[in-house]
Amino acid sequence: MLIHSIYEGKKMQKIIIACLLIFISINIIKIPTALGVEITKGGELFQIHCVGCHAKGGNIVRRWKNLKIRTLKKNKLDSVEAIAYLVKNGKNNMSAYKDRLTETEIETVSAYVLEQAENGWR
Ligand code: HEC
């Protein structure tokens with residue numbers, strides 16, 4: 001009887017360890033996909049709202065006001081906050097997006113713009 005319960009205890013331990021391992025690996029898998037979703041969402045928002053004028057990081061209205069990293073740096077727009085501010089409030093021929101996009105969406109799309117700029121809009 002004693003031997004039996006020790007055996008059962010070990011079996012339980014194995015099951016618990018197995019469960020823990022499954023739990024941990026699910027969480028490890030989840031972290032990158034959560035980030036992936038954010039980036040995809042940024043890309044989608046960009047396709048819907050920005051690509052008309054800024055395809056491939058360009059600017060069809062004001063060619064020199066493009067979204068290339070050099071231009072963003074020169075215009076002090078090389079941070080998510082600065083881009084988000086411009087997107088939110090608009091500037092000259094670019095309209096404000098604060099009524100069309102939520103705060104989070106503006107941040108997501110701005111982060112996407114900065115990331116693409118840093119990667120050369122490939
Ligand atoms: C109707 C065309 C149009 C659309 C759509 C548009 N933009 Fe613009 N964007 C412009 C114009 C024009 C400027 C230049 C504004 C200025 O005079 O400084 C600009 C400037 C910018 C700049 C600053 C570039 C620089 O180097 O000074 C950023 C960043 C930007 N847009 C991001 C976005 C994002 C993100 C979206 C989508 C949410 C978007 N734009 C949608 C026309 C547009």
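**View 1. K56 sits in the loop that links α2 and α3.** Helices here (H or I, at least four residues) and strands (E, at least two) are DSSP runs, numbered from the N terminus. What you're looking at is a predicted model, where local features need pLDDT of at least 70, side-chain atom pairs count only at pLDDT 80 or more, and totals for chains, interfaces and linings use all residues. Residues are counted from 1 along each chain, as its sequence is written. K56 isn't a glycine, yet its phi is positive, near 55°. Is K56 buried or exposed? With 12 C-beta neighbours inside 10 Å, K56 counts as exposed. The cut-offs go like this: 20 or more other C-beta atoms within 10 Å of a residue's own make it buried, 12 or fewer make it exposed, and anything in between is partly exposed, with C-beta atoms placed from the backbone.

**View 2. R63 also belongs to the loop between α2 and α3.** R63 is exposed, because 8 other C-beta atoms lie within 10 Å. Look across to C53: the two residues are 10 apart along the chain, and their C-alpha atoms are separated by 9.7 Å.

**View 3. The ligand has 25 residues around it.** A residue makes that list if its C-beta atom, placed from the backbone, lies within 6 Å of the ligand. Which residues are the closest? They are C50, C53, N92, N93 and M94. The elements that give two or more residues to this shell are α2 (51–54), α3 (69–74), α4 (80–89) and α5 (103–118). By type, the shell divides into 13 nonpolar, nine polar and three charged residues. For that tally, Ala, Val, Leu, Ile, Met, Phe, Trp, Tyr, Cys and Pro are nonpolar, Asp, Glu, Lys and Arg are charged, and the others, Gly among them, are polar.

**View 4. Helix α4 packs against α5 at an angle of about 125°.** Two packed helices are described by the angle between their axes and the distance between the axes. In this pair, the axes of α4 and α5 are 8 Å apart. That angle makes α4 oblique to α5. As for the wording, under 35 degrees is roughly parallel, over 145 roughly antiparallel, 65 to 115 roughly perpendicular, and the rest oblique. The axes are lines fitted to C-alpha atoms, for helices over the stretch in contact, and angles run from 0 to 180 degrees between N-to-C directions. The crossing of α4 and α5 is right-handed, a label for the near helix being turned clockwise from the far one by less than a right angle, while anticlockwise would be left-handed. To find your way between the two helices, start at V87 in α4. V87 is buried, since 25 other C-beta atoms lie within 10 Å. V87 and S110 are 23 residues apart in sequence, but 7.8 Å apart in space, C-alpha to C-alpha.

**View 5. Helix α5 has the length you'd expect for its 16 residues.** At 1.5 Å a residue, α5 should span 22 Å, and its end C-alpha atoms are 23 Å apart, so the two agree. The expected span is 1.5 Å times one less than the number of residues. Which residues of α5 are buried? They are I106, T108, V109, S110, Y112, V113, L114, Q116 and A117. One of them, Y112, is 71 residues along the chain from K41, yet the C-alpha atoms of K41 and Y112 are separated by 8.8 Å. K41 is part of helix α1 (residues 2–49), and K41 counts as partly exposed because it has 16 C-beta neighbours inside 10 Å.

**View 6. Just past the end of α5, G120 takes a positive phi of about 75°.** In the segment after α5 you'll also find W121. W121 has a positive phi of about 55°, although W121 is not a glycine. W121 counts as partly exposed, with 16 C-beta neighbours inside 10 Å.
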